[in-house]
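These are my notebook entries on a structure with several chains. I looked up charged pairs, one helix packing and a few chain totals.

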Amino acid sequence: MKDLLGVIMLSGIYGLLSASFFVAMDAVDVAFTEASVGAGISTVLMLAAITMTGRTENPSRHKPLLALIVVLITGGLLIYGTFDMPHFGSAAAPVHTHVAPRYINDSMQEIGIPNIVTSVLASYRGFDTFGEVLVIFTAGIAVLALLSVVRSPDRMAKIDSLNDSMHGEYLILRIVAKMLIPFILLFALYVQFHGDFGPGGGFQAGVIFASAIYLYSMMFGMSTARRVINQTLVRLIAALGVLLYGSVGVVAMLNGGNFLDYSALSADPVAGQHLGIIVIELGVGLTVASVMIIIMFNFEGRRDNLQNKDNEEA
Amino acid sequence: MDNLLEILSAAFLLIGSFLCISGGIGILRFPDFYTRMHAVGVTETLATGMILLGLMLQMPDAMVIIKLLFILVLTLFISPTASHALAKAAIKNSLKPKLDSEDNKERI
Amino acid sequence: MLIAATLAIFVVMVMAITRGIMGPTLYDRILAVNMFGTKTVLLISLLGFVMGRPEFLDIAIVYALINFISVIAVLRHSDAAIFKNPPTPTDEIENKQ
Amino acid sequence: MFIGLYNYWIVVVLMMVGFYIVIAHGNLIKKIVGLSIFQTSVFIFYISLSKVDGGTAPILAEGIQQYSNPLPHVLILTAIVVGIATVAVGLALAVRIKEAYGSIEEEEIQKKDNIDC
């Protein structure tokens with residue numbers, strides 16, 4: 001298929017499909033994340049990218065036969081490798097015998113929250129998650145370094161009259177979006193703080209929050225959104241989320257525990273775990289949401305900048 | 001009473017499934033974009049409503065019913081809006097509906 | 001009955017994918033994605049009931065919301081005239097001149 | 001005997017589709033799409049490992065004995081969000097390459113590089 005827009009549509013369907021697969025495989029938290037990421041943000045980002053890079057692909061002049069042979073050989077070897085793997089769904093597979101029984105059996109006493117995924121994510125493997133948050137933060141910085149444009153502030157003045165004048169153009173969409181945005185934001189907060197008991201948590205909430213902001217910026221124009229959402233503040237919040245996560249670890253150390261050992265946060269270990277998990281989930285949510293906002297605003301800002309340049313040249 | 005609820009829920013689910021399938025056939029078989037959109041739009045709201053109603057009748061738990069109600073209200077808001085935006089975008093982008101003219105009468 | 005409905009929705013999803021791949025125009029594809037999204041919402045709520053854990057309806061809510069956002073984003077980024085020019089103040093200045 | 005292994009074969013097929021797109025297509029955006037298909041196949045691999053027959057989602061509730069393995073879920077959950085962040089960086093690079101070279105086709109970029117040298 002040469003039309004990249006069609007490719008991206010189909011990859012959006014693929015994201016939806018894989019998320020329903022995750023639900024069928026009991027991985028509800030993963031499905032939640034894939035739902036908000038695979039179907040929403042990744043489609044949106046790729047669309048924003050192809051508006052800047054062009055929609056069509058050149059007819060391929062590579063030698064597809066060679067590529068096909070390489071792919072077939074690799075695939076054959078991988079399938080040969082699967083013959084030694086444990087059968088699908090067998091409870092005796094090595095994955096299920098190492099640490100997982102401890103998580104399933106003991107996490108209720110040790111952490112005290114029903115969602116095992118959250119307790120493993122935030123407490124048992126807290127250090128790992130800290131690394132992931134740092135990776136996301138770094139990706140945000142990288143996009144900022146690659147795409148940020150300096151814009152002159154004086155353009156902001158004329159937005160209000162413009163907004164009034166284009167109310168009639170897509171009125172229905174705007175009204176529905178206006179009703180939905182507060183609901184989405186509220187739902188993101190629910191996901192954020194309900195992550196202990198059901199599927200959800202900081203990663204998912206951050207992505208949903210950013211999607212709501214993106215919807216706002218699509219409906220009311222980038223310049224309005226840029227005025228409503230202070231970009232410097234968003235960058236500060238991204239850093240603040242990482243700092244919050246790290247400082248929980250440091251406080252735990254000061255209280256005599258190990259780094260990110262939440263039991264030391266309070267006299268009662270379970271209460272300490274609760275406190276620690278809520279705070280670091282908040283940190284994760286803040287970082288993810290603001291990094292996603294930074295990424296999207298920079299893509300859009302770059303495009304507006306290119307369009308303005310084109311207009312000036314024309 | 002329980003029996004009645006069960007039968008009602010089964011009936012709703014059945015109607016919903018039937019509508020879904022008819023919409024699916026519609027999106028495959030109809031000749032142009034606007035007719036396909038009609039098939040999807042009609043079934044999207046009604047079939048969703050039917051299936052969600054059927055599910056609501058199955059579960060006495062209040063929280064679940066509230067969530068289902070949320071989904072129902074959201075889809076009732078979202079689907080028609082998306083269809084409207086899609087149709088508007090298509091017509092502004094000069095995608096003409098296939099009309100009942102002489103030269104394509106045979107194909108329809 | 002739940003399983004019958006799940007199967008029906010599965011069949012419809014296959015139909016929507018077929019339309020998405022055949023697509024002739026871009027809008028057919030968007031329509032297929034939209035339909036696929038709502039059917040996924042239904043499929044997930046049904047799966048929750050089939051597996052006996054209906055707490056998972058949160059995922060269905062997220063789907064409904066995200067699907068709307070992605071359809072709007074696609075329309076805005078496609079060549080549609082109403083979305084083509086995002087409202088920037090410079091446009092207005094140019095119009096006045 | 002081998003019928004219990006079909007989940008791995010699906011993963012391998014998806015992975016190879018992604019791999020083929022990455023090496024056979026010259027367009028950078030398409031390469032990124034291929035990469036994300038590859039990525040999703042790895043996610044599916046992990047998640048299918050964690051499934052236990054008769055198990056249910058790892059959220060503790062009354063009266064359920066068998067849960068699926070939560071550990072792969074945690075790994076993949078973070079991997080998805082990190083994946084989208086890296087895809088964003090890749091797209092940003094593609095945009096900058098388009099600005100610098102005027103094209104995102106691999107061959108044209110290489111041609112321009114050779115002329116410059």
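Entry 1, the criterion. I count a salt bridge where a side-chain nitrogen of Lys or Arg lies within 4 Å of a carboxyl oxygen of Asp or Glu. The model I examined is predicted. Side chains of opposite charge can pair when their charged atoms come close. Applying the rule over all chains, I obtained five salt bridges.

Entry 2, a pair between chains A and D. I looked up Glu99(D) and found a salt bridge with Arg302(A), in which the closest N and O atoms are 2.4 Å apart. This pair crosses between chains: Glu99(D) belongs to helix α3 of chain D, and Arg302(A) to helix α12 of chain A. I then asked whether each partner is buried or exposed. Glu99(D) has a relative accessible area of 33% and is partly exposed. Arg302(A), at 10%, is buried, because the limit for that class is under 20%.

Entry 3, a second partner for Glu99(D). I noted that Glu99(D) also forms a salt bridge with Arg96(D), with 3.9 Å from N to O. Both residues are in helix α3 of chain D, three residues apart, which is about one turn of the helix. Arg96(D) has a relative accessible area of 33% and is partly exposed. Through shared partners, the salt bridges join Arg302(A), Arg96(D) and Glu99(D) into one network.

Entry 4, the helices that carry this network. How do α12(A) and α3(D) lie relative to each other? I recorded an angle of about 15 degrees between helix α12 (residues 269-313) of chain A and helix α3 (residues 70-101) of chain D, with their axes 11 Å apart. Angles under 35 degrees count as roughly parallel, and α12(A) and α3(D) are therefore roughly parallel to each other. Their crossing is left-handed.

I then listed the residues in contact. On the α12(A) side they are Val288(A), Met292(A), Ile295(A), Phe299(A), Arg302(A) and Leu306(A). The α3(D) side contributes Val81(D), Ile84(D), Ala88(D), Leu91(D), Ala92(D), Val95(D), Arg96(D) and Glu99(D). Sorted by class, the contact has eleven nonpolar, three charged and no polar residues.

Entry 5, a pair between chains B and C. I found a salt bridge between the side chains of Lys67(B) and Asp58(C), at 3.1 Å from N to O. Lys67(B) lies in helix α3 (residues 62-92) of chain B and Asp58(C) in helix α3 (residues 57-77) of chain C, so this pair joins two chains. I checked the accessibility of both partners. Lys67(B) is buried, with a relative accessible area of 10%. Asp58(C) is also buried, with a relative accessibility of 1%.

Entry 6, chain B as a whole. I counted three helices and zero strands in chain B, and its elements run α-α-α from the N terminus on. The chain has 108 residues, of which 42% count as buried. I also looked up the contacts in chain B with a separation of 6 or more: residues 24 or more positions apart account for 65% of them.

Entry 7, a distance in chain A. What is the C-alpha separation of Ile69(A) and Tyr262(A)? I obtained 52 Å for these residues, which are 193 residues apart along the chain. Ile69(A) lies in helix α3 (residues 64-82) of chain A. At 43% relative accessibility, I recorded Ile69(A) as partly exposed.

Note on methods: Residues numbered from 1 in each chain as written. Chains lettered and ligands numbered in written order. Predicted model: local features only at pLDDT ≥ 70, side-chain atom pairs only at ≥ 80, totals over all residues. Heavy atoms only, no water. Axes fitted to C-alpha atoms, helices over the stretch in contact; angles between N-to-C directions. Helix = DSSP H or I, 4+ residues; strand = E, 2+ residues; numbered from the N terminus. Parallel < 35°, antiparallel > 145°, perpendicular 65-115°, else oblique. Left-handed = near helix turned anticlockwise from the far one by under 90°. Contact = heavy atoms within 4.5 Å. Nonpolar A, V, L, I, M, F, W, Y, C, P; charged D, E, K, R; others polar. Buried < 20%, exposed > 50% of the residue type's maximum accessible area, 1.4 Å probe, protein only.
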